Amino acid sequence: MKKLLIGLFTLLLASVAFAANMPTAASHVSIKAPMVDLANMSAMGQKVTNKKPYSTEVRMDIMNNSKKAIRIVAATSDAASQIQLHRFKKEDGKMIMRQISHIKVKPHHDKMLSYKGIHLMLIGLKKPLKANEVVPITLIFADGSYKQVNAKVS
Ligand SMILES: [Cu+2]
């Protein structure tokens, strides 16, 4: 019985070590041109004064360099009270933003996040953002791994 327990314990340790060495979704992703956009705030019914910015979208190009699809399930930033994943699409002749549960990037493909389609939405900006300021954003993947992206305000 004792031998069996030791055996099981060793097996458990080995599997934990294996899991720790598994490549994560974050390690398979490369990000190009991350950008926080202020110019489109007017299109969301906000004034482009930058005196009291409430929310704005984040664009970037997410490249999946692996053979498996990856999913972004959340994002966070100290600059905003929350980040939602959004899809901008036409419904009944109107362009409407809808919250989505995840952003999927196909194997060996890239996904362009843009105002016209899928994007990250910074909601409740804590202070006005200035041009060329860098906003660190953390992308969280379905496997629990995460990646920090430095998005430039422009
Ligand atoms: Cu949005």
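Where does Ser114 lie? I looked there to begin with: Ser114 sits in the loop between β7 and β8.

**Ground rules**

I'm working on a predicted model, in which local features need pLDDT of at least 70, side-chain atom pairs count only at pLDDT 80 or more, and totals for chains, interfaces and linings use all residues. Residues are numbered from 1 along each chain as its sequence is written.

**Ser114, continued**

I checked burial here. A residue is buried if 20 or more other C-beta atoms lie within 10 Å of its own, exposed if 12 or fewer, and partly exposed in between, with C-beta atoms placed from the backbone. Ser114 has 17 other C-beta atoms within 10 Å, so I noted it as partly exposed. I then listed its contacts, where two residues are in contact if their C-beta atoms, placed from the backbone, lie within 7 Å. Leaving aside neighbours within four places in sequence, Ser114 touches Arg59 and His119. I also took a C-alpha to C-alpha distance to His86: 9.9 Å in space, at 28 residues apart in sequence.

**Whole chain**

I counted 1 helix and 10 strands. These are DSSP runs numbered from the N terminus: helices are H or I with at least four residues, strands are E with at least two. Along the sequence, the helix is followed by the strands, α-β-β-β-β-β-β-β-β-β-β. Of the 154 residues, 24% count as buried. For contacts between residues at least 6 apart in sequence, I get 73% joining residues at least 24 apart.

**Core**

Which residues have the most contacts inside the largest nonpolar core? I find Val58, Leu122 and Ile137, in a core of 26 residues. By nonpolar core I mean a set of buried Ala, Val, Leu, Ile, Met, Phe, Trp, Tyr and Cys residues joined through C-beta atoms within 7 Å. The elements giving two or more residues to this core are β1, β2 (55-64), β3 (70-76), β4 (80-91), β6, β8 (118-125) and β9 (134-141).

I pulled the contact list for Val58, again without neighbours within four places in sequence. Among them are Pro34, Met35 and Val36, then Leu113, and also Leu122 and Ile137. His119 is on the Val58 list as well as on the Ser114 list.

Thr56 is in strand β2. It counts as buried because it has 26 C-beta neighbours inside 10 Å. From Thr56 to Asp37 I read 6.2 Å, C-alpha to C-alpha, across 19 residues of sequence.

**Strand pairing**

I treat two strands as paired if DSSP finds at least two bridges between them.

- β4 and β5 run antiparallel, joined by 6 bridges. One pair I looked up is Glu91 with Lys94 in β5. The two strands form a hairpin with 2 residues between them, and Asp92 in the turn has a positive phi of about 50°.
- β9 and β10 run antiparallel too, with 7 bridges. Val135 has Ala151 in β10 as its bridge partner. This hairpin has 4 residues between the strands, and Gly144 in the turn shows a positive phi of about 90°.
- β1 and β10 (residues 146-153) run parallel, joined by 2 bridges. Val36 is bridged to Val153 in β10.

Is β5 buried or in the open? Strand β5 (residues 94-99) lies largely in the open, because the number buried among its 6 residues is 0.

**Positive phi**

Most residues other than glycine have a negative phi. I flagged Ala33, not a glycine, with a positive phi of about 50°. Ala33 is in strand β1 (residues 29-36), and it is exposed, with 11 other C-beta atoms within 10 Å.

I flagged His108 as well: not a glycine, and a positive phi of about 50°. His108 is in the loop between β6 (103-105) and β7 (110-113). With 12 other C-beta atoms within 10 Å, His108 is exposed.

**One last loop**

Where does Lys67 lie? I found Lys67 in the loop between β2 and β3. Lys67 counts as exposed because it has 8 C-beta neighbours inside 10 Å. His28 is 39 residues away from Lys67 in sequence, and the C-alpha to C-alpha distance I get is 9.3 Å.
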